[in-house]
Amino acid sequence: MSTVIDLSHVAEAAPGRSIGQKPPDDVLLDVRGLKTYFHVLDGTVPAVDGVDFQIKRGETLGLVGESGCGKSVTSLTIMRLIDIPPGEIAAGEIWFDGVDILSLSPSEMRDIRGSEMSMIFQEPMTSLNPVFTVGYQIAEAVKAHRNVSKNSARDRAIEMLAAVGIPSPERRFKQYPHELSGGMRQRVMIAMALSCDPKLIIADEPTTALDVTIQAQILELMKSIQERTGTALLLITHDLAVVAETVERIAVMYAGRIVEAGTAEEVLLDPKHPYTQGLIASIPSTVPRGQRLNVIKGTVPNPFRMPTGCRFEPRCPHAFGPCKDFDPPLRLTGPNRESACWLQYPPGELPVKETDAPPATPVPVERVGH
Amino acid sequence: MTGQLPIDPAAAASPPESPASGEPALVSVQGLVKYFPIMGGLLRRKVGDIKAVDGVSFDISKGEVFGLVGESGCGKTTLGRAVLYLQRPTAGEVFFDGQNLSTLKANKLRRMRSRMQLIFQDPYGSLNPRMPVSDIVGEGLLAQGMKSSTARERKVEQTMQAVGLRPEYCRRYPHEFSGGQRQRIGIARALALDPDFIVCDEAVSALDVSIQSQILNLMLDLRREFNLTYLFIAHNLSVIEYVSDRIGVMYLGKLVEVATAEQLFKGARHPYSVALLSATPDPDPRVRKKRLVLRGDVPSPANPPSGCRFHTRCWLRERLGNPEICSTVDPPLHDTGGGQMSACHFAEQVSVEAAEEAAATQSVIETAAGAT
């Protein structure tokens, strides 16, 4: 109880996985101890600071968090789309389909990007090139990755436009992005992402810019395509309701870290981490009218002055003994269920500050969720 | 008030009637129309109109929160601005506390404005980065003739305290605050003039959910404390359900349904409201309902469909075998019982069961069809 636990190694590797070892075959994407830093004038921003998660083949994972938590930087790092400098991948491994893609050369990475893994961006207005027809842009992706003729690339593009529910695809093939509505553009983005039969699709806030009826169209489409093709999906969003309807597993991010992971049911119905609990209780529809909404006090920490202990400690209603000084690593609390909170540790495993006299009795631990 | 919209100004220029509750209406909107001209051709002549708001009537009682929900481009922001006379309506009347705003002279309207304020969506774009908070919050006081700077300062400090900001912060500039704090500044600016009525235009849409709940709590506290009346414009149904007493659903410049929050969420009476509710994702993973997905996109407000504006995407019309009346006659907003108003020819056939049946039979891939 009085010994100081060295946690540096735990934070580097998630439970049951070790650095440098190829993950089992059924794991498509294995992100381990990933750290992406940005060196800016004012100092270093640890946008992603030790992220661990896995996606099995054909699985759907939702990465949830509020703005600035590092979820988009995580996805861009996986695609190797971070500008270096000012960015730096400071630590970690990204195993994709049995290869650590951080060790690949830029040209090897180009073969994977857009082909084996592809991305759907938030803003369908700006992620399509306005001076080319949408058909040309899809065919271009096919030609870049498949050794096919111009005509068969065109046929493939039309086939993909039809597959995402765009009426009269031959006509749409020749249209420019500005001639399409927001929902249609997002369908074109999905067609482009699917055109080379990727093993993994990363969708970064794919429906945030869309109206709710169009969002419903796009989510239904993504679900049905995912079921039909068996592609794995990493869905990044701030909207808990969107992940609740779309994915099997959820990972919650806060201040550059994963704080909780599990199946959608486990995380949303029985959240273990106080941040997830606060987030769910803040959704207006979970509270009857007239009752006050739950509030997570304060704001996210300044990235230049991250708390030394748990990053959620300054806002946490359950903070106790070790929280201020020690950063809790992810701990398995069930099969495939992880939480980074000292409340999930038995009292005997809690670290104690060297200078403090150990308390005579263990700090009473309030079990969250019971 | 009937749903038959008095677009003829002469017919509409009567003083507001009392709504059903018997409380006098603080704000009464009658047959409001706002068109924006489309200029085109070589001589930049007017070639058409964007019919942003096309005949909208509703009342807001004192102390009520009236929620206005709809998708982008349906005219809810234009309506909010036209109600405040920030944009002069093309036709129709707005009565505020019994006074017809269209007959007020500019200086009287300006004085009236101190009683009606606006909170904007974007907490970044709506605050002047070159002004300290004290000037931002105090600018309205100065404009309304509070010349003494000490009196202004005192009022600014009081207001900042009311919205949960430390008065010491009043010399700081907007960039020194987080998004949630900036939205509090925006609220303080609206509150400084002791208004009776505030239009909140997507006031929490740009905020993260944990900050959003702080601001929503604050707005409801202020309503109780200062006896405020809100017109709350949002596209997020769960926010609208939480804050509103009554809700108006807008589609392509028209109100298609007006109901209390409970009526709307338990039994909507317009096919568009039903589809909107069905499309909203539920944070409970056990409720993986089969969604009713609308076909295509919202038609252009420059050239809205004939008859009922929703008929091109309507799932109910399809189920009823495409009756002709939908594409020829514009359905008026009428009472369907208990004060619940719906603008649908077949409002009595709208039910949760019908929507679920329609959802079960639709195919996902087809849903883009109909949009051209």
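Buried here means under 20% relative accessible area. Keep that cut-off in your pocket for this tour of a predicted model.

**Stop 1: a pair inside chain A**

Select A:Arg32 and A:Glu93. Their side chains form a salt bridge, with the closest N and O atoms 3.1 Å apart. Follow the backbone from each end and you'll see the bridge linking distant parts of the chain: A:Arg32 sits in strand S1 (residues 27-40) and A:Glu93 in strand S4 (residues 87-96), 61 residues apart. Is A:Arg32 buried or exposed? A:Arg32 has a relative accessible area of 4%, so it counts as buried. A:Glu93 is at 9% relative accessibility, so that partner is buried too.

**Stop 2: a longer reach in chain A**

Now pick A:Glu205 and A:Lys71, another salt bridge, whose closest N and O atoms are 3.9 Å apart. This one spans 134 residues, from the loop between strand S7 (200-204) and H8, where you'll find A:Glu205, to helix H2 (residues 71-78), which holds A:Lys71. Turn on a surface and check the burial: A:Glu205 comes out at 7% relative accessibility, and A:Lys71 at 8%.

**Stop 3: over to chain B**

Select B:Glu71 and B:Arg313, whose side chains meet in a salt bridge at 3.9 Å, N to O. B:Glu71 is in the loop between strand S3 (65-69) and helix H2 (76-83), while B:Arg313 is in the loop between helix H10 (271-279) and helix H11 (315-319), so the pair ties together parts 242 residues apart in sequence. Both ends are buried: B:Glu71 has a relative accessible area of 3%, and B:Arg313 is at 5%.

Before leaving the charged pairs, hop back to chain A and highlight A:Arg57, A:Asp97, A:Glu116 and A:Lys199, which salt bridges with shared partners join into one network. Over all chains, the whole structure has 29 salt bridges.

**Stop 4: the nonpolar cores**

Nonpolar side chains tend to be buried together in soluble globular proteins. To look at that here, start with B:Met219, B:Phe232 and B:Trp315, the residues with the most contacts inside the largest nonpolar core, which has 79 residues. Helix H7 (residues 209-226) of chain B gives this core its largest share, seven residues. What surrounds B:Met219, leaving aside neighbours within four places in sequence? Show B:Ile119, B:Ile187, B:Cys200, B:Ala203, B:Tyr230 and B:Phe232, and you have its contacts. Apart from that core lies another, of 58 residues; A:Ile166, A:Phe173, A:Leu268 and A:Leu279 are among them.

**Stop 5: where the chains meet**

Zoom out and colour by chain. At the interface, 54 residues of chain A are in contact with 47 residues of chain B. On the chain A side, select A:Thr213, A:Glu245 and A:Arg289: they lose the most area to chain B, together 17% of what that side buries. The two chains bury about 4,100 Å² between them, 54% of it on carbon and sulfur atoms.

How many salt bridges cross this interface? The rule finds one, and you can bring it up by selecting B:Asp221 and A:Arg292, at 2.7 Å, N to O. Twelve residue pairs across the interface are in polar contact.

To finish, show helices H5 (150-163), H7 (182-194), H8 (212-229), H9 (240-246) and H10 (264-269) of chain A, each of which supplies at least two residues of the side touching chain B. H8(A) brings the largest share, eleven residues. Colour that side by class and you get 26 nonpolar, 16 polar and twelve charged residues.

Note on methods
Residues numbered from 1 in each chain as written. Chains lettered and ligands numbered in written order. Predicted model: local features only at pLDDT ≥ 70, side-chain atom pairs only at ≥ 80, totals over all residues. Heavy atoms only, no water. Contact = heavy atoms within 4.5 Å. Buried area = accessible area lost by both parts, 1.4 Å probe. Salt bridge = Lys/Arg side-chain N within 4 Å of Asp/Glu carboxyl O. Polar contact = N/O pair within 3.5 Å; in protein donor to acceptor, adjacent residues only side chain to side chain. Helix = DSSP H or I, 4+ residues; strand = E, 2+ residues; numbered from the N terminus. Nonpolar A, V, L, I, M, F, W, Y, C, P; charged D, E, K, R; others polar. Core = buried A, V, L, I, M, F, W, Y, C linked by side-chain atoms within 4.5 Å. Buried < 20%, exposed > 50% of the residue type's maximum accessible area, 1.4 Å probe, protein only.
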